[in-house]
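These are my notebook entries on one structure. I looked up empty spaces, unusual backbone angles, aromatic rings and a record annotation, in that order.

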Amino acid sequence: MSLLLVLFISLLSLGSATSSPNDHLYNAGDRVPLFVNKVGPLHNPSETYQFYDLPFCHPDPIIQKKESLGEVLNGDCLANALYDLQFWKDKTDEILCEKNLQGHEVAKFRDAVSNDFYFQMYYDDLPLWGFIGKVEEQSWITEEKVHKYYLFTHIQFDVLYNGNQVIEINAFSDPNHAVDITQDIEINVKFSYSVIWNATSTQFQSRMDKYSRASLLPIHQQVHWLSFINSIVIVVLLTGLLTVLFMRRLKNDLRKCSSGEEEEIGEKEVGWKYIHGDVFRHPQNISLFCAFLGTGTQILTL
């Protein structure tokens, strides 16, 4: 019991340590943490890849952030970034890096643009999204549609602050800074970004309200119901399959009993009849067994 008490106190202290609020207070010029997360197609949110799976500018070395349980369940893969967004400091056309893209790297970007890939980052624990590129259709005299693929090379960050706290951030890909990646040829790309800070009257306690309202949109409810119906169908099919197998075996046993084969069955038991005596046997130290089972279930749930 003393061991269980120590374990329970440790879990309480760990929970209080992880749930302690962070004030998110910064001074002018402080570097606010920014992490890149993932990329994926807009029309399939369940398909995601690591941000640096695409040949973006990346730091050396790439350091993966230690994730919480919620981030793991959400499929996040946070890593450090080259973007330097200092508090209250505006930047214009800041060069992130200059990169020579090879043919296969251009093909990766083009596949991502053709599938409407987006990127996601986190700035001071606030999520932000943006598109990687765009597709344009051009019609010629022969009425054949030709697709042109463009990669966005400039991101503008619009940040709202209240006092010395970050309230909101948005990322916009500038279509005026786009590179043609239609062909698999080697090209030189200059990635850049800008940062604009503006004041707002929104309080820090309500900065997450817009994300909670966005989660209640009809499109999110539709995805939720589709997943729910899919799960029910799978459970029903598996339950029906197990029921059919069980009933088939039970019918065979009943048929043998009704045909006068009781003596042969008594002499030679097969299948589940080997363990029918062990299933209903009273276990030793049942109180200790129940205590361990209940404590283990509680720890697993936590």
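**Entry 1: cavities**

How many cavities of 30 Å³ or more does the structure hold? I noted first that I was working with a predicted model. The search gave two cavities of that size. I reminded myself of the principle: rolling a probe the size of a water molecule over the atoms shows where empty space is left.

I took the largest cavity first, and its volume is about 110 Å³. Its lining has 15 residues, and those closest to the centre are Phe56, Tyr83, Phe152, Ile155 and Phe191. I then asked which elements give two or more residues to this lining. They are strand S5 (117–123), strand S8 (145–152), strand S9 (154–162) and strand S12 (187–199). By class, I recorded twelve nonpolar residues, three polar ones and no charged ones in the lining of the largest cavity.

The second largest cavity holds about 30 Å³ of space. I listed its lining as Phe51, Phe56, Cys57, Tyr83, Leu96 and Phe191. The classes here are six nonpolar, no polar and no charged. I marked Phe56, Tyr83 and Phe191, since these names stand in the lining of the second largest cavity and also among the residues closest to the centre of the largest one.

**Entry 2: backbone angles**

Before looking, I wrote down the general expectation. Most residues other than glycine have a negative phi, and most peptide bonds are trans.

Is the peptide bond from Asp60 to Pro61 cis or trans? I found it to be cis, with omega near 5°. Pro61 belongs to the loop between strand S2 (49–50) and helix H2 (69–73).

Next I looked up phi. Asp93 is not a glycine, yet its phi is positive, at about 50°. I located Asp93 in strand S4, which covers residues 91–101. Asp124 is likewise not a glycine and has a positive phi, of about 55°. I placed Asp124 in the loop between S5 and strand S6 (126–131).

Are these two aspartates buried or exposed? Asp93 has a relative accessible area of 46%, so I recorded Asp93 as partly exposed. Asp124 has a relative accessible area of 2%, and I therefore entered Asp124 as buried.

**Entry 3: aromatic rings**

I searched the whole structure for aromatic pairs and found 16. A pair of aromatic rings is described by the distance of the centres and the angle of the planes.

The pair of Phe56 and Phe109 is edge-to-face, with 5.2 Å from centre to centre and 75° between the planes. Why does this pair tie together parts that are 53 residues apart in sequence? Phe56 lies in the loop between S2 and H2, while Phe109 lies in helix H3 (residues 103–114), so the pair joins those two parts. I checked the burial of both rings: Phe56 counts as buried at 11% relative accessibility, and Phe109 counts as buried at 0%.

I then turned to Tyr83 and Tyr193, which also form an edge-to-face pair, at 5.2 Å centre to centre and 75° between the planes. Tyr83 is in the loop between strand S3 (79–80) and S4, and Tyr193 is in strand S12, so this pair ties together parts that are 110 residues apart in sequence. I recorded both Tyr83 and Tyr193 as buried.

Which residues do ring pairs link into a cluster? I listed Phe51, Tyr52, Phe56, Phe109, Phe119 and Phe191.

I also looked for charges over rings. The charged end of Lys65 sits over the ring of Phe35, 5.9 Å from its centre. Lys134 lies over the face of Tyr150, at 5.6 Å from the ring centre.

**Entry 4: Pro127**

I found Pro127 in strand S6. Pro127 counts as buried, because its relative accessibility is 9% and the cut-off for buried is under 20%. From Pro127 to Met208 the C-alpha atoms are 9.9 Å apart in space, while the two residues are 81 apart in sequence.

**Entry 5: a record annotation**

Where does UniProt place the feature "transmembrane region"? The unreviewed entry gives residues 225–246. I compared this with the model: over residues 225–246 the chain is 100% helix and 0% strand. The end C-alpha atoms of this stretch are 31 Å apart.

Terms used: Residues are numbered from 1 along each chain as its sequence is written. This is a predicted model: local features need pLDDT of at least 70, side-chain atom pairs count only at pLDDT 80 or more; totals for chains, interfaces and linings use all residues. Side-chain values use heavy atoms; hydrogens and water are left out. On a 1 Å grid over the protein atoms alone, a cavity is a set of points where a 1.4 Å probe fits but cannot get out, and a pocket is an open set with protein on both sides within 12 Å along at least five of seven lines; lining residues have an atom within 4 Å of a point. Grid points are joined across faces, edges and corners, and a volume is the space filled by probe spheres set on the points. Helices (H or I, at least four residues) and strands (E, at least two) are DSSP runs, numbered from the N terminus. Ala, Val, Leu, Ile, Met, Phe, Trp, Tyr, Cys and Pro count as nonpolar, Asp, Glu, Lys and Arg as charged, and the others, Gly among them, as polar. Buried means under 20% relative accessible area, exposed over 50%, partly exposed in between (1.4 Å probe, protein chains only). UniProt positions are given in the numbering used here, feature names are shortened, and annotations may be inferred rather than shown by experiment. Rings of Phe, Tyr and Trp (its six-membered ring) pair if their centres lie within 6.5 Å; planes under 30 degrees apart count as stacked, over 60 as edge-to-face and the rest as tilted. A charge sits over a ring if NZ of Lys or CZ of Arg is within 6 Å of the ring centre and within 35 degrees of the ring normal.
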